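Q: Please take a close look at the sheet in chain A of this structure. I am new to it, and I should like to follow how the strands are arranged and what lies against them.

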Amino acid sequence: MPAAVVVDRVSKRFRLYHERNQTLKSAIMRRRRSRHEDFWALRDISFEVPQGSTFALIGSNGSGKSTLLKCLAKIYAPTEGRISYSGRMAAMLEVGSGFHSELSGRENIFLNGSILGMSRKEITAKYDEIVAFSGVEQFIDQPVKNYSSGMYVRLGFSIAIHVMPDILVVDEVLAVGDAEFQAQCVDKFQELHRDGRTVIVVSHSMDMISKLCDRAAWIEKGDLRTVGAVGDVIADYQGSLGLGDR
Amino acid sequence: MGYIRDVVGARELLANLTIREIKGKYRRTVFGQLWSLVNPLVLMLIYTFVFAFIFRVTPPPGDPSGLDVFPLWLLCGLLPWIFFSNVLSIGTGSIVDNAPLIQKVYFPRLVLPLSVVASGFYTWIFEMAVLAIALSVAGAFVLPWLPLVLVAMVLMALFTAGVALLMSIANVHFRDTQHLLTLLLQLWMYLSPIIYPLTMVRDLSDRIGPVLGTPITLEGIYWANPMVPFTEVFRSLLYDADWPDPMAFGMCAAWAVVAIALGMLAFRRADRNLAEAL
């Protein structure tokens, strides 16, 4: 199967600042902009995500999987290496970011949709579907600041899921909403999968991952441990934690 | 080239962000968009009172329009300045203020400062239209000059965009920029022929003569300020209803090109690492 995303020897370095002079006064007084040490959050990661797969990134807190996800989402630029995509990529790292609280739900659909890379025509075509999926029809002309946090998240998620990119990059957003909405989301992901779209997710919920995904990569302390079929990778990961069920 | 394509591809986003800027600003106000006219009008009243009645600044009458109305003369220079200073004040913070968005979604970040310029431009057009009507009522035949006014406005917007891009990047690295800018803008306004005519600077310059034995005159130095040619061009076109000085017009175009090129270059260099720098 052709690869939708190729991650080629990607490394990411962060600077841990011991001192950071973000005002002119302190920069001049201390005679330097900053004092820092390097921290490699990712080291030499290479893998391919096959087209049409649902791919999970797993690992403990602080393992670097979110950094990798941000690199995949083009929010961070890798220090070394490169990531290539075949097709349009959209990322959903936090639902509802970019909502303007004074604007109505309707206006925010158009604003948020275009931030995520949809054209006005696409949004208009999908508008009814987005509203129906979010379940906030009744309040769509109210400013979103009056929404409950659940409604806010549902609308945000609904917009993002309807971007219909070839490649969708998703952070731990599956854990939002009530059980009914979660079931709805799982359906939607399976529909994306049936359409042959590629999805890359980060999650701590192994249940969710083994239900939704077919392939996975396990990252530990910035290094890639295993990559392959989802069952094997989860087994390896849980084995390392000492709670494997083999 | 890929960068330019990205930005062109984001023009709908730019439009939507501009609408957000415009709609969000006057939401839940009684007068709405009218507020954008109140600001320049109040400033006009204050400056007219202080500079026309107390300091007795008398700009030369419009030639050939024959206008001799201080508030109108003032507005021809003041409206472009208000656009410039407003856009710069908001645009400088545009990256830092949208940090949560930048850290969560990928999109060409250039659209953030540009949407501030675009929404400022929208307001400015509105103000200039009212000014053009007022000038016509007062007896200046400005109608044929309006296309050229629009060209000058676009040049001014490009210049402003360039400076705003530079400032928004600088503000990411040094948060002082915002505060420094407030001071700088005040100084800049008094160094531009907005509330006093250029002729007063010329008189002063002629009295002093060459500076320190060099062929440079005070007026020559004064013209290094990009707001000088811009203000002069707007005054010629609107208040005098006449051709602007080609030299000044050329300077406006040059400043616009230089500013936007520098701004884009700096922005492109910084773009990759914005999410981390914030």
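A: The account below begins with the chain as a whole, goes through the sheet, and ends with the contact to the other chain.

The model is a predicted one, in which local features need pLDDT of at least 70 and side-chain atom pairs count only at pLDDT 80 or more, while totals for chains, interfaces and linings use all residues. Residues are numbered from 1 along each chain as its sequence is written, and chains are lettered from A and ligands numbered from 1 in the order in which they are written.

Chain A has 246 residues, of which 42% count as buried (20 or more other C-beta atoms within 10 Å of a residue's own, against 12 or fewer for exposed and values in between for partly exposed, with C-beta atoms placed from the backbone). Its C-alpha trace spans about 60 × 55 × 35 Å along the principal axes. The secondary structure of chain A comprises 8 helices and 9 strands; these are DSSP runs numbered from the N terminus, with at least four residues for a helix (H or I) and at least two for a strand (E). Two residues are in contact if their C-beta atoms, placed from the backbone, lie within 7 Å. Among the contacts in chain A between residues at least 6 apart in sequence, 69% join residues at least 24 apart.

The sheet is open and consists of 6 strands of chain A in the order E5-E6-E7-E3-E8-E9, with mixed pairing. Strands count as paired if DSSP finds at least two bridges between them. Because E5 (89-92) and E9 of chain A each have a single partner strand, they stand at the edges, and one side of each is left without a neighbour in the sheet. From one strand to the next the twist averages 15°. For angles, axes are lines fitted to C-alpha atoms (for helices over the stretch in contact), and values run from 0 to 180 degrees between N-to-C directions.

Within the sheet, E3 (residues 54-58) of chain A runs parallel to E7 (residues 198-202) of chain A, and 4 bridges join the two. Thr54(A) has Val199(A) in E7(A) as its bridge partner. Helix H6 (residues 179-194) of chain A packs on the sheet, where H6 touches E3, E6 (167-170) and E7 of chain A. The direction of H6 makes about 140° with that of E7(A).

Towards the E9 edge, the pairing of E8 (residues 215-220) and E9 (residues 223-229) of chain A is antiparallel, over 6 bridges. Ile219(A) stands opposite Leu224(A) in E9(A). The two strands form a hairpin with 2 residues between them, and Lys221(A) in the turn has a positive phi of about 50°. Helix H8 (residues 230-241) of chain A lies across E3, E8 and E9 of chain A and runs at about 140° to E9(A).

Chain A also meets chain B: 23 residues of chain A are in contact with 21 residues of chain B. On the chain A side, helix H3 (residues 105-115) gives the most, with 4 residues. By class, that side has 12 nonpolar, 7 polar and 4 charged residues. Here Ala, Val, Leu, Ile, Met, Phe, Trp, Tyr, Cys and Pro count as nonpolar, Asp, Glu, Lys and Arg as charged, and the others, Gly among them, as polar.
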